[in-house]
Structures are given as structure tokens and as C-alpha cells.
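Where do the charged side chains of a protein find their partners, and what happens when one has none? The sequence and structure below are the starting point for an account of this.

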Amino acid sequence: MTTKENPPASAAQEAPASGDPSKAVLKRSRRDVLRSGGMLSMSSLMGTAALMAQPGEAKAAVEWAEHFQKNYRLMTPEEKAEARLRLEKRYSGEYNKKVSVDITEAQPGVLMGYALNIRKCIGCRRCVKACVEENNQSRGARPGERIEWIQVLRMERGEFTADKMNQGYPEGLGIQVGGNAYSPAGQVLEGQYQYTPEAVPEKDANYMPIACMQCEKPPCVKVCPVRTTYREADGPVVIDYNWCIGCKMCMGACPYWARRFNLTTPVLPKEDMNPVTHYLGNRPRMRGVVEKCHWCLQRTRHGRYPACVEVCPVGARKFGNLLDPESEVSKILARKNVFRLKAELNTFPKFFYFYD
Ligand code: SF4
Ligand code: SF4
């Protein structure tokens with residue numbers, strides 16, 4: 001079934017042979033229209049209205065509503081409630097189970113923060129798996145079909161010491177500051193977030209989990225031309241998937257490799273779909289949009305931990321309210337050795353690494 005949530009590969013391909021313009025318009029999403037640089041024309045409005053006039057066209061009603069849906073952050077509470085009901089009905093039908101779409105807002109007095117004990121991580125990647133399952137990420141096998149928001153980088157242990165300065169190639173003239181082409185001390189090699197060890201932790205490795213840092217000054221928000229990505233009042237940077245036009249500007253701007261593009265229609269088997277969703281969180285995405293970690297809004301706005309925190313077998317991951325001095329994460333910031341990734345970029349992540 002082709003829907004606006006999962007738009008066709010090409011709107012033109014979906015146009016009926018008869019060339020009926022009303023149906024062709026309904027097959028195009030707002031994102032398609034924006035991508036083509038067009039505004040809604042009078043003929044498109046009339047075409048959609050004509051189809052709406054047909055009784056029993058539930059699908060048309062859904063598409064009509066989505067076609068004219070405002071950006072989520074500009075919607076009134078009533079409009080949000082309408083969108084929620086429409087999506088719940090739609091997803092429940094598509095996934096053959098009762099799906100809820102939460103629209104709980106940010107709670108006053110809450111600023112979410114995350115802390116990760118870099119010494120404790122054993123590189124097991126259970127967090128990656130739990131995140132995929134919780135957040136309805138695409139899990140196909142073909143290139144571009146598998147999406148993982150968390151990456152655990154495997155770093156080879158090494159030292160940049162003076163006695164290694166003259167080892168290996170290049171010798172004599174040449175630039176050689178710590179390690180060399182044959183001993184990649186401290187470097188992340190391509191593919192090392194997909195390592196397959198017999199057992200973890202490996203004796204020659206350290207692990208560095210990364211995901212969206214929920215920056216206070218997020219470059220991704222600055223560059224988004226349609227303002228579909230923004231910071232919520234309780235901290236997480238979110239994306240209204242309905243308005244994302246898939247231009248990938250945010251991916252280029254993010255210094256943390258945190259955003260993923262849905263190159264294909266996401267592969268989300270009905271039996272694997274997590275039916276407890278949030279509009280700005282883990283609801284099913286469509287082809288051609290960007291997505292990323294949102295700290296499990298469907299959980300955390302109800303006092304639960306993100307899935308990755310809950311599943312970590314060594315307790316390396318901590319989460320809580322930065323505005324509460326008694327929260328675990330606040331105590332870590334006050335008492336531990338803490339650093340932020342790429343702090344020099346002034347993105348001010350709310351994701352903190354620490355060690356004892
Ligand atoms: S880590 Fe990247 S995607 Fe996340 S808020 Fe910062 S710039 Fe945006
Ligand atoms: S791809 Fe990124 S920058 Fe482009 S519209 Fe979507 S969220 Fe905004």
C-alpha cells in the first residue's frame with residue numbers, strides 16, 4: 001500500500017495512466033511538493049477536495065489532513081489531538097495491532113541530561129539493539145535498509161609516545177606524529193563500529209558509544225531550511241518527520257554522525273513494531289526523511305529510562321534531570337571527571353562522558 005507516510009519512489013510513477021490530476025496530487029506528500037519547489041496550486045487544492053467529496057474514502061481523508069497539517073510545534077492542542085487520533089488509526093491498521101501515539105509535552109522543571117561512564121563500556125552493543133527495537137528503526141539487510149542511531153566505536157588501544165615516532169613508514173622526511181600507517185594507535189578505522197569479536201571486552205580495545213548529543217546549540221537545527229528539527233523545552237532535539245524534506249543539510253552540519261537518512265522505505269515487520277510511540281519519538285518513519293535519537297520521549301516523558309540505559313549490563317549509562325541537584329546525572333556532573341565530545345565546537349552537548 002502506498003501512503004503519504006511511505007511515499008512512492010516517484011510521484012510521477014504513481015500517477016494513474018488516465019492522468020487524473022486529483023489522484024496524482026493525492027499521491028504526493030507535502031515533502032514531495034516542497035522538494036519540487038512548488039507551492040500548493042489551486043488545481044491541487046481542487047483535486048484533493050474533489051476526491052474528499054467521495055464518501056467512504058477514509059484514506060483520502062487521512063491524506064487530506066496530512067497534506068495540510070501544520071508543523072507540529074505550531075499546532076494547537078486540538079490539532080495535535082486530531083493528528084494523534086488519525087495516526088493511531090492509521091498505524092493500527094497498517095501494523096495490525098493497537099498503536100498509541102503519545103503527544104505528552106515537555107514537563108516544566110525538567111531538562112534531560114545523559115552521562116556515560118567511558119571506563120565501564122564493554123562494547124557489547126546491547127544498547128544499539130535495544131534502541132533499534134524500542135524506536136522502530138529499519139532493520140532490512142540490504143544497503144541503506146538498516147538504521148542504527150547508536151554507534152559503539154571500537155578504538156584500538158595505543159600510545160602516542162616519543163619512542164614510536166620513528167617506527168615504520170614514512171622514514172626520514174615525512175610527517176609522523178604518533179603511530180604510523182601500519183600501527184593505527186588511537187585511530188578509529190573504517191568499519192570498527194561493526195566489529196564482530198568472539199567476546200567482549202577485547203583486551204586491545206576501548207569503546208566509545210556515540211549518538212545524538214542533544215546539543216544546546218545544535219548546528220542541525222540552525223541549517224534546517226524547513227525548521228522541522230528543533231529543541232524541545234525539556235532538552236531533546238526532535239524532528240517532525242512529516243515536514244522533513246530529506247535535504248540532509250542537518251546530516252552535513254552535525255559534527256557527531258548522529259543523523260540517519262531513510263534511503264528506502266523502512267523495513268519494520270508488523271510483529272516487531274513497538275506500538276507504544278510518541279509523535280516526536282519512535283512513531284514509524286517514511287522513506288526520504290532523516291531521523292535520530294530523541295532520548296526515548298515515549299518513555300522518558302513518563303518517568304522511565306531510555307531503552308539503552310535500561311539494557312546496559314554494566315550500568316555505564318545514566319540519565320536524569322539536570323535541573324534536579326539530587327538526580328544521578330547531576331551528582332555525576334558535580335563529582336566525577338566529565339568531558340564533552342568536541343567541546344571546542346561550542347555545541348554544548350547534554351550528553352556527558354565521565355570516568356572515576
Ligand atoms: S548531535 Fe548532531 S543531530 Fe544531535 S543535536 Fe547535536 S548537531 Fe543535532
Ligand atoms: S533533512 Fe534535515 S535539514 Fe533537511 S528538512 Fe529534514 S531535518 Fe531539516
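What follows goes through the salt bridges of this predicted model and then turns to a buried arginine.

The count comes to 22 salt bridges. One of them joins R301 and D234, whose closest N and O atoms are 2.8 Å apart. This pair links distant parts of the chain, the two residues being 67 residues apart. R301 lies in the loop between α10 (297–300) and α11 (307–311), and D234 lies in the loop between β5 (229–231) and β6 (237–239). R301 has a relative accessibility of 7% and so counts as buried, the limit being under 20%. D234, at 1% relative accessibility, counts as buried too.

Two further salt bridges involve residues that are not buried. E326 and K331 meet through their side chains, with 3.5 Å from N to O. E326 has a relative accessible area of 57%, and because the limit for exposed is over 50%, E326 is exposed. K331, with a relative accessible area of 29%, is partly exposed. Salt bridges can also share partners: E134, R299, R304 and E310 are joined in this way into one network. Within that group, E310 forms a salt bridge with R304, and the closest N and O atoms are 3.9 Å apart. The cut-off for a salt bridge is within 4 Å, so this pair is counted. E310 has a relative accessibility of 47% and is therefore partly exposed. R304 is likewise partly exposed, at 43% relative accessibility.

The arginine without a salt bridge is R260, found in strand β7 (residues 260–261). R260 is buried. Which side chain of opposite charge is nearest to R260, and how far away is it? It is that of E148, 7.1 Å away. A salt bridge requires a nitrogen and a carboxyl oxygen within 4 Å, so R260 has no salt bridge with E148.

The side chain of R260 does have backbone partners. It reaches the backbone oxygen of E148 at 2.6 Å, and the backbone oxygen of W149 at 3.5 Å. With E148, then, R260 has a contact to the backbone oxygen but no salt bridge.

Leaving aside residues up to four places away in sequence, R260 touches I147, E148, W149, Q151, M251, V289, V290 and E291. Both residues that offer a backbone oxygen to the R260 side chain, E148 and W149, are on this list.

Key:
Residues numbered from 1 in each chain as written. Chains lettered and ligands numbered in written order. Predicted model: local features only at pLDDT ≥ 70, side-chain atom pairs only at ≥ 80, totals over all residues. Heavy atoms only, no water. Helix = DSSP H or I, 4+ residues; strand = E, 2+ residues; numbered from the N terminus. Buried < 20%, exposed > 50% of the residue type's maximum accessible area, 1.4 Å probe, protein only. Lys, Arg positive; Asp, Glu negative; His and termini not counted. Polar contact = N/O pair within 3.5 Å; in protein donor to acceptor, adjacent residues only side chain to side chain. Contact = heavy atoms within 4.5 Å.
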